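Work through the exercises below on a pocket and its ligand. Try each task before reading its solution.

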Amino acid sequence: MTRFLSIGECMVEFAPDEGGLYRSGFAGDTFNTAWYMRQLCHPGTEVLYHSAIGDDAASAEMTGFVREAGIGFDPLVIPGASVGLYMISLLEGERSFSYWRSASAARRLAEGLEACPALSPGDILFFSGITMAILHPETRAPFLDFVSKARANGITVAFDPNLRPRLWADGAEMCDWITRSAEVADVLLPSFDDEATHFGDTAPQGTVTRYRALGAATVVVKNGGGDVLVQSDGHAPVHVSPPKVMQVVDSTAAGDAFNAGFLSRWMRKAPLREAVEVGCNVSAQVIRQRGALTRISL
Ligand SMILES: O=C(O)C(=O)C[C@H](O)[C@H](O)CO
């Protein structure tokens with residue numbers, strides 16, 4: 001059985017609903033990818049999530065929600081702590097986030113990596129730049145050592161830089177840790193607009209070249225409504241135009257959903273173009289509704 005393990009922070013989500021009300025749910029980039037993987041993967045693929053939570057009611061509800069979705073979840077439990085919270089604000093479908101997460105239990109997830117589910121060669125370990133950002137700074141290097149050892153044992157490592165400058169002390173710290181994370185990954189899933197802003201890439205090809213130079217065999221550059229570019233060892237570059245979505249309701253989790261669409265097909269060795277097309281299709285469905293999580297039909 002193949003396993004997909006995602007590691008990071010799931011939060012309480014407040015998503016705008018009708019009439020000025022907010023709907024509460026649970027979301028967070030790495031969890032969103034696990035949620036969509038569960039919908040998109042064969043039932044024989046085990047989808048697992050790892051994080052740290054507290055011992056309060058919100059933490060218990062989150063655990064129930066994750067497990068009911070069919071995702072394996074045995075988080076590190078930190079007594080006296082709780083989970084983070086974020087709120088989505090929308091401006092013509094483009095989202096921005098407000099966070100209340102500075103004291104969340106997930107910041108300590110790297111203290112309990114021995115509680116992480118065991119993986120075997122061929123399984124996938126996924127994490128993101130947000131995972132790195134929320135960790136207590138002194139635990140970032142040990143976390144990357146853990147990832148790097150998993151990779152040396154034959155686990156495929158996938159990484160989405162998911163740049164969130166507000167979660168880092170400054171831009172230099174963010175770019176340094178994103179680069180160090182990319183160095184231990186096989187599959188990179190960056191978004192071009194973020195990479196252009198923070199790394200100065202002038203075209204998606206520049207993002208590909210920079211990450212390939214760090215050792216990633218496969219780089220998939222998402223580009224909002226523009227073409228996705230994939231370059232992978234032994235394959236010709238692939239360009240895919242995503243379907244046009246006339247009315248974007250909420251862009252939250254567009255990239256996370258794309259990652260799941262792509263990885264769910266890539267891990268069963270579908271052609272690269274098909275994997276990207278599924279990613280684009282899933283992402284197009286997610287941005288037509290509010291909040292991070294929705295049911296997908298393919
Ligand atoms: O911004 C974050 O840290 C989140 O995880 C919240 C959202 O669910 C995520 O960004 C969507 O990609």
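**Exercise 1.** Find which element gives the largest share of the lining of the largest pocket, then place that share in the whole lining.

*Solution.* Start with the elements of this predicted model. Strand β9 gives the largest share, five residues. Next, take the whole lining: 42 residues surround the largest pocket. Glu94, Arg95, Ser251, Ala254 and Gly255 lie nearest its centre. Then list the elements that give two or more residues to this lining: α1, β9, α6 (192–199), α8 (254–266) and α9 (272–286).

**Exercise 2.** State how much space lies in the largest pocket and how its lining divides by class.

*Solution.* The space is about 990 Å³. Now sort the lining residues. They divide into 18 nonpolar, 12 polar and 12 charged.

**Exercise 3.** Locate the ligand and describe the shell around it.

*Solution.* First, the site: the space the ligand takes is the largest pocket. Second, the neighbours: Met11, Gly28, Asp29, Asn32, Tyr86, Phe97, Tyr99, Arg101, Ile130, Arg164, Ala253 and Asp256 surround the ligand. Third, the classes: this shell has six nonpolar, two polar and four charged residues. Fourth, the elements: α1 (29–40) and β9 (94–100) each supply at least two shell residues.

**Exercise 4.** Give the distances from ligand oxygen atoms to side-chain N or O atoms of Asn32, Tyr99 and Arg101, and test each against a 3.5 Å cut-off for polar contacts.

*Solution.* Take the side chains in turn. For Asn32, the distance from an oxygen atom of the ligand to a side-chain N or O atom is 3.0 Å. For Tyr99, the distance is 2.5 Å. For Arg101, the distance is 2.8 Å. Each pair is within 3.5 Å, so each counts as a polar contact. Finish with the cover: on its own the ligand has 310 Å² of accessible area, and the protein covers 98% of that.

Notes: Residues are numbered from 1 along each chain as its sequence is written. This is a predicted model: local features need pLDDT of at least 70, side-chain atom pairs count only at pLDDT 80 or more; totals for chains, interfaces and linings use all residues. Side-chain values use heavy atoms; hydrogens and water are left out. A residue is near a molecule or strand if one of its heavy atoms lies within 4 Å of it. A polar contact is a pair of N or O atoms within 3.5 Å; within protein, one must be able to donate a hydrogen and the other to accept it, and residues adjacent in sequence count only if both atoms are side-chain atoms. Accessible areas come from the Shrake-Rupley method with a 1.4 Å probe; for residues, only the protein chains shown count as cover. On a 1 Å grid over the protein atoms alone, a cavity is a set of points where a 1.4 Å probe fits but cannot get out, and a pocket is an open set with protein on both sides within 12 Å along at least five of seven lines; lining residues have an atom within 4 Å of a point. A molecule sits in a cavity or pocket if more than half of its atoms lie within 2 Å of its grid points. Helices (H or I, at least four residues) and strands (E, at least two) are DSSP runs, numbered from the N terminus. Ala, Val, Leu, Ile, Met, Phe, Trp, Tyr, Cys and Pro count as nonpolar, Asp, Glu, Lys and Arg as charged, and the others, Gly among them, as polar. Grid points are joined across faces, edges and corners, and a volume is the space filled by probe spheres set on the points.
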